[in-house]
Amino acid sequence: MSQGSLGVSEMTPPNIPCDRVEHFRDLDGLDQFWLSIDLWLAHRGVKIYDMRVPEPTPTNRCPVEAWCTPSVSTAAPLPFARCLQMDQTPSRFFQTPPRLACGQDSLGRDVMLKLVDTDSHQYRIFETLLRQLDSFSNSRNFPCVLPPLAIIDAPQNYAVVSMPLWGSPVYITDMRTVRQVLRFMECLIRGLKFLHDNRIAHRDIWEHNIVVDCYRPDQSREHLREDLCRLRDSGDVLYALMDYDQSIQHPANASLKEFRRPADEAMCGSTMYRPYDVCLGEPDYNPFAFDVAMLGNLFRAHFVEAVPAVPALAALYDGMTTHVLSQRFTAQEAWQFFDTQVVNLPLDVLETTVQPSINWSARVDPDVYWSTLSPELQASWGHFRAPPCSIWSDLLNWFIGFPRCCQLIVFTRRVLGI
């Protein structure tokens, strides 16, 4: 259809019902928005899934509108994920978080759609990743971050970003061998290295922002969990970091070791694996070191049981999370350590059985995993061990627990820049 024959609704996308996309949280308004933008997107090669009201059931007597899975999906190579359910008959219904929708491109490949403000850090990050889309096609050196496939700009200062549909959640605690654990860690360290090479600080690393390269269009978590267990046994799995809502891209010449930003910027995203880099009233922080520690906290909270089989992991955890910033690994250093000390392990080590479980104590007490090693192994890896906190830090931490002292310490440190 030529541009001249398009109707007004086809040529002009709708306005968002608020001043910015990031403020768009009204689910009813969200449904209406996607319905009204459907035709505009269709003329740009993207067809949104149908939205319908499912039939009432004994467990859902008053259903609301939800996305309806398409009848068929088209397989495609990376950066698309493997579709584990090519025929979706009968259709199933599901909902997405605000600002997200599902659809298919002109070739029938499943995509995730996201609304983004065009004057945001996130938009510029998507532009950076899109310029490097050719590097996302090879499984051997896949960057392990979820890239955009297209950025569809609207004239109203927002854009719809199309991304390949990958699977989530990744069910970390279902991993059963050292090989599976190391594959997961390898992918995420590589992904963080790629982001930092482009001076992108993620700032929100946790389970919900990690995806795997297989999915089910019906969004059945139970079936995805079963499928993922089988795929992990084959070793043919990729993981990727995603979601740049909280991310910031810094200047290309920013030093990964020395770059600093105001401490207030660290108070964003999930708190689950947030390091203590700004908990003692620090006036600023290094967002890249912050990312590395966040990922290190995720690793050591889940994979204490892997340390006896791979002692180098204790050193990796401490290198990524040490409170001494000058000694903390960059993402590049963490990757180099992993590549030299952890890969190419004997087959019997890789097939060692583990049962990951969340151990929050390991986040604050490295002895939790160091104590699983013999004294000889602790000594051989001891030069990587993080030093204990100073008496000054312990005392400051005690005082900062009192509200009035906290205000005074924060004010003083920020005024003096110490």
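**Group meeting: aromatic pairs, a buried strand and two pockets**

Okay, let's start with one ring: Phe 142 is buried, with a relative accessible area of 0%. Before I go on, keep in mind that this is a predicted model.

So what does Phe 142 pair with? Its partner is Phe 136, in an edge-to-face arrangement, with 5.6 Å centre to centre and 80 degrees between the planes. Phe 136 is buried as well, and its relative accessible area is 0%. These two don't sit on their own, either: Phe 136, Phe 142, Trp 166 and Phe 194 make up one aromatic cluster.

Stepping back, a search of the whole structure turns up 18 aromatic pairs. Another of them, Phe 33 with Tyr 158, is edge-to-face too, at 5.7 Å centre to centre and 65 degrees between the planes. Phe 33 belongs to helix H2, residues 27-42, and Tyr 158 to strand S9, so this pair ties together parts that are 125 residues apart in sequence. Are those two rings buried or exposed? Phe 33 comes out buried at 3% relative accessible area, and Tyr 158 is buried at 0%.

Tyr 158 takes us to S9, and S9 takes us to its neighbour S7. Seven bridges join S7 and S9, and the two run antiparallel. If you want one spot to click on, Lys 114 stands opposite Val 161 in S9.

Now the other partner of S7. S6 and S7 are antiparallel as well, joined by five bridges. Here the contact to look at is Ala 101, whose bridge partner in S7 is Leu 113. The two strands form a hairpin with four residues between them, and in the turn Gly 108 has a positive phi of about 80 degrees.

How many of the residues of S7 are buried? Eight of the eight, so the strand is largely enclosed by the rest of the structure. Both faces are covered. On one side you have Asp 110, Met 112, Lys 114 and Val 116, and on the other Val 111, Leu 113, Leu 115 and Asp 117, all of them buried. Yes, that list does include Asp and Lys side by side with the nonpolar names.

Right, pockets. The largest has a volume of about 1,400 Å³. It is lined by 49 residues, and the closest to its centre are Pro 97, Leu 100, Asn 209, Met 242 and Asp 243. Elements giving two or more residues to that lining are strands S6, S7 and S9 plus helices H3 and H5. Which of them gives the largest share? That would be S7, with five residues. By class, the lining has 24 nonpolar, 13 polar and 12 charged residues. As for where the pocket lies: domain 1 (21-165) and domain 2 (186-387) both contribute lining residues, so the pocket lies between them.

The second largest pocket comes in at about 900 Å³. It has 35 lining residues, and nearest its centre are Tyr 276, Leu 280, Thr 322, His 323 and Cys 389. Two or more lining residues each come from strand S16 and from helices H6, H7, H10 and H13. H13 gives the largest share, five residues. The class split in this lining is 15 nonpolar, eight polar and 12 charged.

To wrap up, the strand to remember is S7: it is buried along all eight residues, and it gives the largest share of the lining of the largest pocket. That's it from me.

Conventions. Residues are numbered from 1 along each chain as its sequence is written. This is a predicted model: local features need pLDDT of at least 70, side-chain atom pairs count only at pLDDT 80 or more; totals for chains, interfaces and linings use all residues. Side-chain values use heavy atoms; hydrogens and water are left out. On a 1 Å grid over the protein atoms alone, a cavity is a set of points where a 1.4 Å probe fits but cannot get out, and a pocket is an open set with protein on both sides within 12 Å along at least five of seven lines; lining residues have an atom within 4 Å of a point. Grid points are joined across faces, edges and corners, and a volume is the space filled by probe spheres set on the points. Ala, Val, Leu, Ile, Met, Phe, Trp, Tyr, Cys and Pro count as nonpolar, Asp, Glu, Lys and Arg as charged, and the others, Gly among them, as polar. Domain bounds come from an automatic or database domain assignment. Rings of Phe, Tyr and Trp (its six-membered ring) pair if their centres lie within 6.5 Å; planes under 30 degrees apart count as stacked, over 60 as edge-to-face and the rest as tilted. Buried means under 20% relative accessible area, exposed over 50%, partly exposed in between (1.4 Å probe, protein chains only). Two strands pair if DSSP finds at least two bridges between them.
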